[in-house]
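Hello,

The structure we talked about is below, with the sequence. My notes on it follow.

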Amino acid sequence: MRFNRMLLSATLVVVALVIQVSVLARLHLPGAVPDLLLLTVLALAMVYGHVGGALIGFGAGLLADLAPPADHAAGRYALVLCVIGYLAGLIKPENGQLKSATGPMAVVVGAAIGSTLLYAGVGALVGDTAARHVGLGSLLFTAALYDLLLAPFVVPGIMALARRAENDPLAETSSSAKTDVSAGWLSSGTGLRIGSQRGGLRVKAAKARVARAGRIKGVKRL
């Protein structure tokens with residue numbers, strides 16, 4: 001991943017995690033908590049593709065596993081977001097631009113349900129049965145509902161920022177600098193001026209024709 005991608009992704013993930021832990025988690029809504037971190041990973045994955053989505057999802061999930069007041073095994077949410085980021089990146093729209101809101105909204109609902117099921121499944125493997133006591137059906141419904149209501153305010157904006165970060169002015173400057181260096185190396189190393197090479201050859205050919213005509217006229221006069 002390029003530097004501007006990593007910087008933007010890290011900034012958005014940290015901001016989303018802080019808002020989720022300090023604001024959304026304290027709203028005490030019934031059922032699940034609105035997952036701003038999941039929406040951030042989805043938006044970035046739908047611009048950067050499956051590889052970028054998996055890497056961003058793993059990093060975001062690992063931060064969530066380590067951030068207080070986390071009460072589960074480290075790596076559990078990292079695995080969930082890594083899988084979700086990878087799958088979301090597979091359905092990346094062409095040029096990272098959305099043609100309609102139907103597809104992304106379906107992705108959000110599927111990701112909310114899938115992440116909840118995967119998180120509960122991994123928890124069951126390690127002996128965490130909290131989802132059974134809360135009610136898995138209620139968690140699935142509220143997770144999909146909250147994320148769907150929050151998505152229009154998060155996903156389009158993050159995707160727009162990610163697409164804008166793809167236009168890296170540093171990369172363009174570096175590319176033009178390489179072109180200038182190559183042209184300078186050719187002109188200095190070979191002794192040819194690339195811009196005026198054809199003009200110089202034409203002038204030399206014209207002078208040669210004039211000199212030849214002069215010699216021929218001199219011979220005839222003799």
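Helix α3 has 15 residues, and its first and last C-alpha atoms are 22 Å apart, close to the 21 Å expected at 1.5 Å a residue. Please keep in mind that this is a predicted model. The buried residues of α3 are Arg76, Tyr77, Ala78, Val80, Leu81, Ile84, Gly85, Ala88 and Gly89. They pack against α2 (36-66) and α4 (102-125).

Tyrosine 86 also sits in α3, which covers residues 76-90. Its relative accessibility is 38%, and because buried means under 20% and exposed over 50%, tyrosine 86 counts as partly exposed. Together with Leu79, Val83, Leu87, Leu90 and Ile91, Tyr86 makes a nonpolar surface patch of about 520 Å².

Now the whole chain. The protein chain holds eight helices and zero strands, so in sequence order the pattern reads α-α-α-α-α-α-α-α. Of its 222 residues, 34% are buried. The accessible surface of the chain is about 13,700 Å², and carbon and sulfur atoms account for 66% of that. Taking contacts between residues at least 6 apart in sequence, 75% join residues at least 24 apart.

One pair that is distant in sequence involves α1. Asparagine 4 and alanine 165 are 161 residues apart along the chain, yet their C-alpha atoms are separated by 6.4 Å. Asparagine 4 belongs to helix α1 (residues 3-22). With a relative accessible area of 15%, asparagine 4 is buried, because the cut-off for buried is under 20%.

The other buried residues of α1 include Arg5, Leu8, Ser9, Leu12, Val13, Ala16, Leu17 and Gln20. The elements that cover the buried residues of α1 include α2 and α6. As for its span, the 20 residues of α1 should cover 28 Å at 1.5 Å a residue, and the end C-alpha atoms are 28 Å apart, which agrees.

Helix α6 (residues 136-166) gives another result. A straight helix of 31 residues would span 45 Å at 1.5 Å a residue, but the end C-alpha atoms of α6 span only 39 Å. Where does α6 bend? The bend is at alanine 151 and comes to about 55°. Proline 152 follows within four residues of that point.

Threonine 142 is part of α6 as well. Is threonine 142 buried or exposed? At a relative accessible area of 9%, threonine 142 is buried, because that value is under 20%. Leaving aside residues up to four places away in sequence, threonine 142 touches Pro30, Gly31 and Ala32.

The last item is a backbone angle. Most residues other than glycine have a negative phi. Histidine 28 is not a glycine, but its phi is positive, at about 55°. Histidine 28 lies in the loop between α1 and α2. Its relative accessibility is 71%, and because exposed means over 50%, histidine 28 counts as exposed.

To recap the places to look at in the viewer: the patch that includes Tyr86, the bend at alanine 151 in α6, and the positive phi at histidine 28.

Regards

Key. Residues numbered from 1 in each chain as written. Predicted model: local features only at pLDDT ≥ 70, side-chain atom pairs only at ≥ 80, totals over all residues. Heavy atoms only, no water. Helix = DSSP H or I, 4+ residues; strand = E, 2+ residues; numbered from the N terminus. Expected span 1.5 Å × (residues − 1). Bend = angle between axes of the 7 residues up to and from the residue. Patch = residues over 30% accessible without salt bridge, like charges linked within 9 Å, V, L, I, M, F, W, Y side chains within 5 Å. Areas by Shrake-Rupley, 256 points an atom, 1.4 Å probe, with all protein chains shown as cover. Salt bridge = Lys/Arg side-chain N within 4 Å of Asp/Glu carboxyl O. Buried < 20%, exposed > 50% of the residue type's maximum accessible area, 1.4 Å probe, protein only. Contact = heavy atoms within 4.5 Å.
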